[in-house]
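Work through the exercises below with the sequence and the structure in view. Each task is followed by a solution in steps.

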Amino acid sequence: MLNILNVQNVQRELPYGRSTACSISVQRAVQCRSFKMEINSEQGSRTDKPIKPQLVATILSDELEDDAIISVDSGTTTSWAARYINIRRGMHFSLSGTLASMGYGLPYAIAAQIAFPTRRSIAFVGDGGFTMLMGEFATAVQHNLPIKVIIIKNSVLGMIRWEQMAFLGNPEFGVEFTPIDYAKFAEACGEKGYTVTEPRDVKPILNEALTEKKPTIVEVYVDPFDPPMPPQVDLEFVKKIAESFAKGQPYAKRIGLTLYRNQIHERLRDLHHHG
Ligand SMILES: Cc1ncc(C[n+]2csc(CCOP(=O)(O)OP(=O)(O)O)c2C)c(N)n1
Ligand SMILES: [Mg+2]
């Protein structure tokens, strides 16, 4: 049930995805595609603040050309990309399927841009993953590779927060880190960087960034408490989260409220659908 938290299973959801290590069954892809479509319509259009990472992936998906190349990192960003970016025939989608290593989104995007100079090459990455190899952005600048790096900025190793809670039933430990100004970092490397903090700015800024002919970074401040939920929540999941709360999860209230609000939004969506 917690499969969705596992990167190797996330990649099996991709209808036309190409991963380094795994191919998908058509039946599974169709099932997951309808799951994608279902949740896409609700959480991907949420405009409340802080920005929902799902909104960023949805808007990016709408902006992408049909032959775009998307490289994603390991983290909750893998889930957002797998669920909310509509991978169409002709696109390429890459992630580290077997090792689920962090940090490769950026170098993959650089390699893809060198291999396919006329196609759009995007890195959709977490802030933790990006920080591991951020120096490579200077490589993109040096070679004038017009990659776009979309950083989902939550100032936390988000996936690990959820694993510690939902797998182990423990309070989170050691997952937060000091934020870096990635827009300024892009400028320090000699190129342009954008910072997005308002939901209404996601679309226009992504749109503007995508018109840049140079390496560009867009950092988007997102809700650090939005969980990459499994397709179906079972009792074990709820039990582990409750255990983690009982043992002193420091953000229990914020997380509980987010889970509750998400449920309300989805129920309202159901009502509208059946009304
Ligand atoms: C090299 C490496 N170190 C550690 C991990 C374990 N790990 C998987 S996801 C993750 C956190 C990713 O954080 P971030 O890039 O900020 O993305 P988020 O989950 O916050 O969206 C970690 C530490 C890994 N997969 N690879
Ligand atoms: Mg993060």
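**Exercise 1. Determine the handedness and the geometry of the crossing of H3 and H4.**

Solution. The crossing of H3 and H4 is right-handed. The model is a predicted one. Two packed helices are described by the angle between their axes and the distance between the axes. Here the axes of H3 (residues 53–63) and H4 come within 9 Å, and the crossing angle is roughly 45 degrees. H3 is therefore oblique to H4, since angles of 35 to 65 degrees fall outside the parallel and perpendicular classes.

Next, list the residues that meet. From H3 these are Pro53, Gln54, Ala57, Thr58 and Ser61; from H4 they are Thr76, Trp80, Ala81 and Tyr84. By class, this contact has five nonpolar residues, four polar ones and no charged ones.

**Exercise 2. State which residues are closest to ligand 1, and which helices supply its shell.**

Solution. Start with the count: 20 residues surround ligand 1. The closest are Gly75, Gly126, Gly128, Gly129 and Gly158. Then assign the shell to helices: H4 (76–84), H6 (127–132) and H8 (158–166) each give at least two residues. Last, sort the shell by class, which yields seven nonpolar, eleven polar and two charged residues.

**Exercise 3. Decide whether H8 is mostly covered or mostly open, and find what its buried residues pack against.**

Solution. Seven of the nine residues of H8 are buried, and the helix is mostly covered. The buried residues are Gly158, Met159, Arg161, Trp162, Gln164, Met165 and Ala166. Their packing partners are H4, E3 and helix H11 (235–246). H8 also supplies at least two residues of the shell around ligand 1.

**Exercise 4. Locate phenylalanine 116 and classify its exposure.**

Solution. Phenylalanine 116 sits in the loop between helix H5 (105–115) and strand E3 (121–126). Phenylalanine 116 has 14 C-beta neighbours inside 10 Å, so it counts as partly exposed; the buried class would need 20 or more. To place the loop further, take alanine 68, which is 48 residues from phenylalanine 116 along the chain. The C-alpha atoms of the two are separated by 9.9 Å.

**Exercise 5. Describe the protein chain as a whole: its elements, its burial and its contacts.**

Solution. Count the elements: the chain has twelve helices and six strands. Then take burial: 41% of the 275 residues count as buried. For contacts, consider those between residues at least 6 apart in sequence; 75% of them join residues at least 24 apart.

Definitions and conventions
Residues numbered from 1 in each chain as written. Chains lettered and ligands numbered in written order. Predicted model: local features only at pLDDT ≥ 70, side-chain atom pairs only at ≥ 80, totals over all residues. Near = placed C-beta within 6 Å. Helix = DSSP H or I, 4+ residues; strand = E, 2+ residues; numbered from the N terminus. Nonpolar A, V, L, I, M, F, W, Y, C, P; charged D, E, K, R; others polar. Buried ≥ 20, exposed ≤ 12 C-beta atoms within 10 Å, placed from the backbone. Contact = placed C-beta atoms within 7 Å. Axes fitted to C-alpha atoms, helices over the stretch in contact; angles between N-to-C directions. Parallel < 35°, antiparallel > 145°, perpendicular 65-115°, else oblique. Left-handed = near helix turned anticlockwise from the far one by under 90°.
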